[in-house]
Every structure is written in C-alpha cells, then in structure tokens.
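Please find below a short note for a colleague who is opening this entry for the first time. It is meant to be read alongside the sequence and the model.

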Amino acid sequence: FATHTKQDLTVGGRFENSDGNVGIYKKLQPGKGLAFTWEGQGQEQNSVVDVKLEAKGDNKSGLIITHDRIANRAEADGLRQGWGEAVERLKQFLEH
C-alpha cells in the first residue's frame, strides 16, 4: 500500500515497500495477473496474494485481488482497508 517500492519483477524476485512489507513473486503472467507472498509488519504469518486482470471490453479491465492465509480478523480488516486504498490510488493514476 506504500507509494515507493523496490522490486525485482521476475519469478523468484523480491519486493520491499516503504511500509516495510516484503514478498517474493511466485507467478507473473503479463496482461493476466501475478501472485506473490506477503510478509507484512506485525503479521503473524506470511500470506499469499493473487492478482488477476480480466478484459471487460471497450478498453476496460476487471481486477480481482485474493489475499489468502490471513491469521485473524484484525489483520483481515487492515488488509481490506489497505487494498481498498491501493486500488483507489491505481484508479486515480490510470484515469489521469
């Protein structure tokens, strides 16, 4: 959810954002999606994120984010809020 990220965008490559979250890219499918591990600060266990893109016609795309292996409700609530903010920033970026 951070605004700055260091990354090696290859399968097996690592990312680290300015919030201190890190992960490893597990799957990269240009134009279709990606999957990566997520190691968030204060997180009880590593989780897994799957991002899928779907063509919706007329230069539109759908975005589906699945975040699995979340340890508890508080963590899920924080991640839900963070992903919502991240998607909103992406939307604003793409619309300008």
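The numbered points below take up a helix, a pocket and several individual residues of this predicted model.

1. Helix H1 covers residues 73-95. Its 23 residues, at 1.5 Å a residue, should span 33 Å, and the end C-alpha atoms are 33 Å apart, so the expected span and the model agree. At the N-terminal end, Asn72 acts as the cap of H1, with a side-chain oxygen 3.2 Å from the backbone nitrogen of Ala74.

2. Which residues of H1 are buried? They are Glu75, Ala76, Leu79, Gly82, Trp83 and Ala86. These buried residues of H1 pack against three strands: E4 (33-38), E5 (47-57) and E6 (60-68).

3. His67 belongs to strand E6. Its relative accessibility is 14%, and because buried means under 20%, His67 counts as buried. The His67 side chain takes part in a polar contact of 2.6 Å with the side chain of Ser47, and in another of 2.9 Å with that of Trp83. Beyond four places in sequence, His67 touches Trp38, Ser47, Val48, Val49, Leu79 and Trp83. Two of these, Leu79 and Trp83, are among the buried residues of H1.

4. Asn21 sits in the loop between strand E2 (14-17) and strand E3 (22-29). Is this loop residue buried or exposed? Asn21 has a relative accessible area of 7% and is therefore buried. Leaving out residues up to four places away in sequence, Asn21 touches Phe15, Glu16, Trp38, Glu39, Gly40 and Gln41.

5. Asn46 is found in the loop between E4 and E5. With 44% relative accessibility, Asn46 counts as partly exposed. Its contacts, apart from neighbours within four places in sequence, are Trp38, Glu39 and Arg69. Asn46 and Gly23 are separated by 23 residues in sequence, while their C-alpha atoms are 8.7 Å apart in space. Trp38 and Glu39 also appear among the residues that Asn21 touches, and Trp38 is one of those touched by His67.

6. Two residues other than glycine deserve a check of their backbone angles. Asn59, in the loop between E5 and E6, has a positive phi of about 60°. Arg69, in the loop between E6 and H1, has a positive phi near 65°. Asn59 is exposed, at 87% relative accessibility. Arg69 is likewise exposed, with a relative accessible area of 56%, and is one of the residues in contact with Asn46.

7. The second largest pocket holds about 210 Å³ of space. Its lining is made up of Leu53, Asn59, Lys60, Ser61, Gly62, Leu63, Val87, Leu90, Lys91 and Leu94. E6 and H1 each contribute at least two residues to this lining. By class, five of the lining residues are nonpolar, three are polar and two are charged. Asn59, whose phi is positive, is thus also part of the lining of this pocket.

8. Which strands should be viewed together with H1? The buried residues of H1 pack against E4, E5 and E6. A reader may then turn to His67 in E6, where the polar contact with Trp83 joins two side chains, and to the second largest pocket, to whose lining both E6 and H1 contribute.

Technical notes:
Residues are numbered from 1 along each chain as its sequence is written. This is a predicted model: local features need pLDDT of at least 70, side-chain atom pairs count only at pLDDT 80 or more; totals for chains, interfaces and linings use all residues. Side-chain values use heavy atoms; hydrogens and water are left out. Helices (H or I, at least four residues) and strands (E, at least two) are DSSP runs, numbered from the N terminus. The expected span of a helix is 1.5 Å times one less than its number of residues. Buried means under 20% relative accessible area, exposed over 50%, partly exposed in between (1.4 Å probe, protein chains only). Contact means heavy atoms within 4.5 Å. A polar contact is a pair of N or O atoms within 3.5 Å; within protein, one must be able to donate a hydrogen and the other to accept it, and residues adjacent in sequence count only if both atoms are side-chain atoms. On a 1 Å grid over the protein atoms alone, a cavity is a set of points where a 1.4 Å probe fits but cannot get out, and a pocket is an open set with protein on both sides within 12 Å along at least five of seven lines; lining residues have an atom within 4 Å of a point. Grid points are joined across faces, edges and corners, and a volume is the space filled by probe spheres set on the points. Ala, Val, Leu, Ile, Met, Phe, Trp, Tyr, Cys and Pro count as nonpolar, Asp, Glu, Lys and Arg as charged, and the others, Gly among them, as polar.
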